[in-house]
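Got a moment to walk through a model together? Have a look at the picture first, then we'll take it piece by piece.

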Amino acid sequence: MTDDPRDGYWVVDLQGNLLKANQVYAEMSGYSIDELVNMHVTRLDVQDDEQKVKARIEKLIAEGHDRFESRHRHKKGHLFEVDVAINYIRESNHFLVSFRDISERNLYQQKLSESEEKYRRLFENAGDLAYSTDLNGVFTAISESLMAVTGYRRDELLNAPISKILTPENLELAKRMTAAKLGAEKQVTRYELEITDKQGRQLPLELVTTLTYRNGVPVGVQGIGRDISERKRLETDLRIAATAFESQESLLITDADGVILRVNKAFTKCTGYTAEEVVGQTPRLFKSGRHGADFYRDMWENIHRTGGWQGEIWDRRKNGEVYPKWLTISAVRGNDGGVTHYVGSHIDITERKAAEEQIRQLAFHDPLTRLPNRQLLLDRLQHSLISNARSGRNGALLFIDLDNFKNLNDTLGHAMGDSLLQQAAERLTSCKREGDTVARLGGDEFVVMLENLSGQPLEAAEQAESVGEKILAALSRPYQLGTHVFRSSGSIGATVFGGGNQEAEELLKQADIAMYQAKKADRNTLRFFDHKMQDAINIRAALEGELHKALESGQFQLHYQIQVDSARLPVGAEALIRWSHPARGLVSPADFIQLAEETGLILPIGRWVLETACAQLNAWAGNERTRSLVLAVNLSARQFHQDDFVEQVRSAVQRHAINPNLLKLELTESLLLEDIEDTIATMNSLKAIGVRLSLDDFGTGYSSLQYLKRLPLNQIKIDQSFVRDIATDTNDAAIVQTIIAMAETLGLEVIAEGVETEAQHDFLDLRGCHAFQGYLFGKPVPIEQLDTSRNGV
């Protein structure tokens, strides 16, 4: 603020008291100079109090000056606005304060602002599509009608570039027109362009623009537009009229974006839709769902490349009927060579397809049951072998022979035999999964081909056996044959196949041999071609039954392996499940956990482990020596991804009244691969309960570092496979050092498992890993043998 005879002045001491004031300020305030001397500034400045004055004085002593606007109170009580400048005079330890009355200036600015607001409201409520921009093309004002047309809100357009509603071509046109106005006497221009709304649709406008000035200098552009969509449509119709429209073929015309503009009478007759129902829609309205995205992508690539496409396609009529048609699509181009429209014509080929299907049925299906015959089965089996070779999956053949069928034919006749075969075919079909094949080879022999089974032969055999048992149950139900009730059953031979060099006919022979083995075993049973596989399935089934008994009779128990710090003092333990089998003794988790996962028994087992661990934490809480120990529990992917898993944990914590921060849940890397966003959400919910989360076996899976940094983990556990050779293998040593450094960067704790030697311990401790678990400190033991003494391990 420069010196001005209109400025008032104060001299103020370090306590905020006025030492001097000039006549100008006395007249501003209505006080005499004598009245102002020794007055404290807070009596005059209504925006100040003693705390603010004290803070400002400290700031001024530090910085030397300050500048702001404030409001002072006149002796008569009214307020006036001032511009304040303060300088600290170090030599005299005083402040020189100058004032300028800005009440009139602020009043003028307020009136100017009100005038501009009035103009803005008039502009924004204009009926035309009106706007203003600066010379850089940034919106400064938008009318309501322009927002309504484009679908944007005012805050989305104001201060945004005009390119937001213009394609690059239209933006270049607008720039050329503005440049022409700036360099010519003619300040108003009229031209056509297209604006783009929020949904990406384009609207043609006839636009009149003019420059706006301030102090004689151009500062922006105002534009008023008129929608000329109707005129453009009429112009387009003239081009379309050149094509014969009302032909015998069904015709459809779209714009360049695929929006339907017109259809002919043949089209409405074929599809059942009136013109009013389809105009404005896209041909997606007629999609049958029979074609995938690849089909339509290839179609449009061909249209863009050649200007047209022709082929067979299945569509849906208005009544829901799916029908085949022969479709021809042609692109219509404008004067500039660009596509303006597409014309589609089609012929309904329902009758031709029905005739072709009838011929195919006779060639590849059994006329009695309508099932695929031997030829079609072998064809599908060959395709399945090729597919399995690529995917690594397995399949299976179930060769089924109806027991006592010959007796039925001999006693009740062939008509009753045919009826039984038809009912058996229906039952077999009801037992198959989607993608499987049921075929009739002839007589009373059927084959069910199962596809997309597990890549592990043993698991695939178990899946095949499950379907086979379902089939045996279905075939054993009584058959109603006219007035007769007939009882029958089936014998099933099964063989599992992969890909490779297996032959389709050989596989059928294997299943046939296995079926005769089932016949010899008193019928109504299933046998596998591979005797070893049959034995393995029997063992597996027995183990599953024993697992159920183990849950019911409490044969599971937890063993605990101590976890220690650098001083070898216990900091926690890991709970490890063991199966105390009445005949086999102690069974390792490696022998039953995978089966528990596959059968779903892992869910009740996992819940038992969680409850038992929480009960142990509750017991530890009553002992000074153990009340701070953290207990780690392993989670399976299936357990973690239950919808109510978080509630299970919360209930267990509350039921056993434990400190949730002493419960640590260990997650494997493979668990994180399933839907990372849902996984993170579940982890956050668990953290909200207060439990700790540790990433188990780190480095053995496929963790993405991009996701790892988002996971709400507390700890990373280094897998024992890296720890085993860290003292001798430079690669393992480098990996472990990297894991420790990464954990430190992410702010995570780190613990190493499988520590068995002093050399391993010293290597880890020296490099920043200060928590350990392994045989060096203790093996997994029952709770009564766990050493939790604080004297070091």
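What follows is a short run of questions and answers on strands, helices and one residue.

Reader: Before we start, what kind of model is this, and how are residues numbered?
Author: It's a predicted model, where local features need pLDDT of at least 70, side-chain atom pairs count only at pLDDT 80 or more, and totals for chains, interfaces and linings use all residues. Side-chain values use heavy atoms, with hydrogens and water left out, and residues are numbered from 1 along each chain as its sequence is written.

Reader: How many residues of strand S21 are buried?
Author: Helices (H or I, at least four residues) and strands (E, at least two) are DSSP runs, numbered from the N terminus. Buried means under 20% relative accessible area, exposed over 50%, and partly exposed in between (1.4 Å probe, protein chains only). On one side of S21, Gly-490, Ile-492, Ala-494 and Val-496 are buried, and so are Ser-491, Gly-493, Thr-495 and Phe-497 on the other. For S21, residues 490-497, the count is eight of eight.

Reader: Which residue of S22 stands opposite Gly-493?
Author: Two strands pair if DSSP finds at least two bridges between them. S21 runs antiparallel to S16 (residues 394-402) with eight bridges, and there Leu-397 stands opposite Thr-495. With S22 (residues 526-528), S21 pairs in the parallel sense over three bridges. In that pairing, the residue facing Gly-493 is Arg-527.

Reader: Is the β-α-β unit of S21, H17 and S22 left-handed or right-handed?
Author: A crossover is right-handed if, with the strands pointing away from the viewer, the path from the first strand over the helix to the second runs clockwise. Here the helix is H17, residues 504-520, and the unit it makes with S21 and S22 is left-handed.

Reader: Which strands stand at the edges of the sheet S12-S11-S15-S14-S13?
Author: This is an open sheet of five strands with antiparallel pairing. Each edge strand has a single partner strand, so one side of each lacks a neighbour in the sheet; they are S12 (260-263) and S13 (308-316).

Reader: Which residue in S14 is the bridge partner of Asp-315?
Author: S13 pairs with S14 (residues 322-333) in the antiparallel sense, over nine bridges. Within S14, the partner of Asp-315 is Tyr-323.

Reader: And in S10, which residue is the bridge partner of Leu-211?
Author: S10 belongs to another open, antiparallel sheet of five strands, in the order S7-S6-S10-S9-S8. S9 (residues 202-214) and S10 (residues 217-227) run antiparallel and are joined by 10 bridges. The S10 partner of Leu-211 is Val-221.

Reader: Where is Arg-692 found, and what is its relative accessible area?
Author: Arg-692 is in strand S28, residues 692-698. Contact means heavy atoms within 4.5 Å, and, leaving aside neighbours within four places in sequence, the residues in contact with Arg-692 include Val-630, Pro-660, Leu-663 and Glu-749. Its C-alpha atom is separated by 58 Å from that of Lys-519, 173 residues apart along the chain. Arg-692 is buried, with a relative accessible area of 13%.
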